[in-house]
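The following note is offered to a colleague who has the coordinates at hand. The points are numbered for ease of reply.

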Amino acid sequence: MKKIAQGKFEIFATKRDAIDRFMQLQGVCRENISGEKAIQFNCTSKGEIFITNPPTRRVEKLISIYLNADIIEQDGKTYVSYYTRFSKFSNVLKLIS
């Protein structure tokens with residue numbers, strides 16, 4: 001895994017409300033990114049967010065870049081702290097599954 005970029009942005013909700021809202025967005029999105037590649041969004045009850053492409057049997061549709069994030073509270077404010085990573089090994093796991 002290689003980190004590509006990272007950052008954080010403030011959201012104007014409590015951590016619990018933000019987690020509940022993000023959990024409602026879970027699943028494969030209706031929208032596609034360039035090249036008609038689907039996006040899968042997941043959020044855990046702890047506030048961990050993962051955005052990737054869903055498993056597929058078509059090798060050319062796999063993407064090696066992923067976005068991970070955490071919903072955190074800091075100084076009385078709520079933030080989403082994120083980073084993007086590059087990992088070809090994850091694609092191997094998707095092909096196997």
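Is Phe86 buried, partly exposed or exposed?

1. The model under discussion is a predicted one. In this model Phe86 has a relative accessible area of 32%. Phe86 is therefore partly exposed, since a residue counts as buried only under 20% and as exposed only over 50%.

2. As to its setting, Phe86 belongs to strand β6, which spans residues 77-86. Together with Ile4 and Ile65, Phe86 makes a nonpolar patch on the surface, with an area of about 270 Å².

3. The surface as a whole may be put beside this patch. About 6,800 Å² of the chain is exposed, and 54% of that area is supplied by carbon and sulfur atoms. Of the 97 residues in the chain, 29% count as buried.

4. The fold comprises two helices and six strands. Read from the N terminus, the order of these elements is β-α-β-β-β-β-β-α. Among contacts in the chain with a separation of 6 or more, 46% are accounted for by residues 24 or more positions apart.

5. On the interior: nonpolar side chains tend to be buried together in soluble globular proteins. Here the largest nonpolar core has nine residues, namely Ile11, Ala18, Ile19, Phe41, Cys43, Ile49, Ala69, Ile71 and Val80. At least two residues of this core come from each of α1, β3 (37-43) and β5 (65-74).

6. Phe41, one of the core residues, merits separate inspection. When neighbours within four places in sequence are left aside, Phe41 is in contact with Phe22, Leu25, Gln26, Gly27, Cys29, Ile49, Phe50 and Ile51. Ile49 is one of these contacts and is also listed in the core.

7. Turning to charge pairing, side chains of opposite charge can pair when their charged atoms come close. How many salt bridges does the count give? The count comes to one salt bridge, formed by Arg16 with Asp20. Their closest N and O atoms are 3.2 Å apart, a separation that satisfies the criterion of within 4 Å.

8. Both partners of the salt bridge lie in helix α1 (residues 15-24). Arg16 and Asp20 are four residues apart, about one turn of the helix. Is Arg16 buried, partly exposed or exposed? Its relative accessibility is 42%, so Arg16 counts as partly exposed. Asp20 likewise counts as partly exposed because its relative accessibility is 35%.

How values were computed: Residues are numbered from 1 along each chain as its sequence is written. This is a predicted model: local features need pLDDT of at least 70, side-chain atom pairs count only at pLDDT 80 or more; totals for chains, interfaces and linings use all residues. Side-chain values use heavy atoms; hydrogens and water are left out. A salt bridge is a side-chain nitrogen of Lys or Arg within 4 Å of a carboxyl oxygen of Asp or Glu. Buried means under 20% relative accessible area, exposed over 50%, partly exposed in between (1.4 Å probe, protein chains only). A nonpolar core is a set of buried Ala, Val, Leu, Ile, Met, Phe, Trp, Tyr and Cys residues joined through side-chain atoms within 4.5 Å. Contact means heavy atoms within 4.5 Å. Accessible areas come from the Shrake-Rupley method with a 1.4 Å probe; for residues, only the protein chains shown count as cover. Patches are made of residues with over 30% relative accessible area and no salt bridge: like charges are joined within 9 Å, nonpolar side chains (Val, Leu, Ile, Met, Phe, Trp, Tyr) within 5 Å.
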